[in-house]
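Biologist: Could you take me through one part of this model up close, and then work outward from there? Keep it relaxed; I have the coordinates open on my side.

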Amino acid sequence: MVAIIDYGMGNVASVQKALNFLSIKSVITYDHDVIRNSKSILLPGVGSFFQGMQNLRERNLIDLLKEQVIEKQKPFIGICLGMQLIMERGNEPEVCAGLGWIKGEVPKFELLNLNVPHMGWNNIEIKNDTYYKNCKTKDFYFIHSYHVVPENKEDIAATVEYGFDVVASLQKKNIFATQFHPEKSQSAGLAILKTFFEKNA
Amino acid sequence: MLKVRIIPILTFNGFGLVKTKQFANPRMVGNPVQAAKVYNFRGVDELIFIDIFASEQKRKINLKLVADVIKECYMPVTIGGGIESLDDINNLLKIGADKVVIKTRALLDKQFINDAVTFYGSQCISIAVDAYLSSDGYKIFNKLNIDITVDKFIDGMIECNVGELVLNSVDNDGIMNGFEMDLISHVSKRTNLPIIVAGGGGDMTHYNRLFSETNTKSVGSASIFHFTKFTPLDIKNELKTIGIPVRIT
């Protein structure tokens, strides 16, 4: 069973729809016991970094997620805001501490000649193909105004060109995350979720 | 490289899909769930679904129907029509909408747009800019007797940090005779926000001109898909011939 963390930050239904399509059992929850009993954890989310951390805190999920993901090494996948929150610091709308599982921060895009948000389909360059092996295409759907900058470059699983090489995906031990939305990226996105949960469900 | 987006726009009247001409004379064009299914099968980049009469008729969008539309979509979906509160937005996001598009409330209450952006983030708040050419330049079409220029409206929305503009030419809506290039150039010079341009696409030369003569990155269309043999893929193949990056699945 996959625990999709319900913390009031947008689009959990799409994620579950994708998992249903793949016949992967999941539950949308913030119940601590359900999360403890799950095989893996999915942190989705759209919205601001500050609000995301506040909502996790209000549901007493910060320590629980740390216990499950860092101490117990439960398989974890973060999507979009769910990837940004695992960093040490965010800046949306002001400087704010994150979950801090991966060293680095999340600044706003400063681009002169490109639209912000970075919105639409863009092709990624894969650095660590653990979960990308079954993708037939490399275009994924992005929608974000802030981007992740990890201190250790070996944590980067994929990048995407948007003015510079922007981090599109992270991987460190049991933690995997994407800035793009696999659940909105048609067959290539579904292939990632399938590969991840075949190993980790 | 970021690909341009070719986005079917489905406009709804509370019962079925309709297509207007110059924002009037809605003509029935089919069933929304069926249309969503076809576009998902074709792998379109994104889909916009708007209940264009909800605000005017003072009703809420049919959430059950929207849920059925979204169920068919494994790509991003933007929903609009009659959005008046943060709860309305939350109800749409909860059933799987990625973005919402707002017009009427944005004209009436800028603070609401500010609040929506603060709460749900810029990326999910799109604003419909329905522009027509008056003797005093481009203005926002509305049925509330609000007299506001496109420039003033857009500047207000930029201040609110919205995520995207859906720029629709009312004069060219449904006419299929080409895009309103002056309007598009004018608005894209004013902002760094992503803009989906709409209104006027009727054949491949229109899309070719749009992308070669302006810095448009996304286009929304309806009539061409309802009333001609052309599909989103045909537009992409056309754009490919002039070196525009497109996503072909």
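In the hairpin of strand 2 of chain B and strand 3 of chain B, which residue takes a positive phi, and how many residues sit between the strands?

Modeller: Keep in mind that this is a predicted model. The residue you're after is Gln22(B), with a positive phi near 50°, and the hairpin has 2 residues between the strands. On either side of that turn, strand 2 (residues 17–21) and strand 3 (residues 24–30) of chain B run antiparallel and are joined by 4 bridges. If you want a pair to click on, take Leu17(B), whose bridge partner in strand 3 of chain B is Gly30(B). As for how far to trust the chain, the mean pLDDT of chain B is 96, with 100% of its residues at 70 or more. The model as a whole scores ipTM 0.92 and pTM 0.94.

Staying in chain B, let's move to the helices. Helix 6 (residues 150–159) of chain B has Val150(B), Phe153(B), Ile154(B) and Met157(B) as its buried residues. Look down the axis of helix 6 of chain B and these buried residues fall within an arc of 95°, so they line one face of the helix. The background is simple: an α-helix has 3.6 residues a turn, so residues three or four places apart point the same way. On the other side of helix 6 of chain B you'll find Lys152(B), Asp155(B) and Glu159(B), which are exposed. The cover over the buried residues includes helix 4 (104–108), helix 5, strand 7 (125–134), strand 8 (137–140), strand 9 (164–169) and helix 7 (181–190) of chain B. After helix 6 of chain B comes Asn161(B), another residue to check on a phi plot, since its phi is positive, near 65°.

Helix 10 (residues 232–240) of chain B can be read in a similar way. Its buried residues are Pro232(B), Ile235(B), Lys236(B) and Leu239(B), a list that includes a lysine. They cover an arc of only 100° around the axis, which puts them on the same side of helix 10 of chain B. Among the elements covering them are strand 1 (5–12) and helix 8 (204–213) of chain B.

Now across to the partner chain. In the interface, 30 residues of chain B are in contact with 27 residues of chain A. On the chain B side, the elements giving two or more residues are helix 3 (86–94) and helix 5 (110–120). That side splits by class into 12 nonpolar, 9 polar and 9 charged residues.

Chain A itself has an open sheet of 9 strands in the order 2-1-3-4-13-12-11-8-9, with mixed pairing. Strand 2 (26–29) and strand 9 (139–144) of chain A stand at the edges with a single partner strand each, so one side of each is left without a neighbour in the sheet. On average, neighbouring strands here are turned by 30° against each other, direction ignored. Within the sheet, strand 11 (residues 156–161) and strand 12 (residues 165–172) of chain A pair in the antiparallel sense over 5 bridges, and Thr159(A) stands opposite Val167(A) in strand 12. Helix 6 (residues 186–200) of chain A packs on this sheet, touching strands that include strand 1 (2–5) and strand 13 (175–178) of chain A, and its direction makes about 95° with that of strand 9 of chain A.

Technical notes. Residues are numbered from 1 along each chain as its sequence is written. Chains are lettered from A and ligands numbered from 1 in the order in which they are written. This is a predicted model: local features need pLDDT of at least 70, side-chain atom pairs count only at pLDDT 80 or more; totals for chains, interfaces and linings use all residues. Two residues are in contact if their C-beta atoms, placed from the backbone, lie within 7 Å. Ala, Val, Leu, Ile, Met, Phe, Trp, Tyr, Cys and Pro count as nonpolar, Asp, Glu, Lys and Arg as charged, and the others, Gly among them, as polar. Two strands pair if DSSP finds at least two bridges between them. Axes are lines fitted to C-alpha atoms, for helices over the stretch in contact, and angles run from 0 to 180 degrees between N-to-C directions. A residue is buried if 20 or more other C-beta atoms lie within 10 Å of its own, exposed if 12 or fewer, and partly exposed in between; C-beta atoms are placed from the backbone. The arc is that of the directions from the helix axis to the C-beta atoms. pLDDT is the predictor's confidence in each residue, from 0 to 100.
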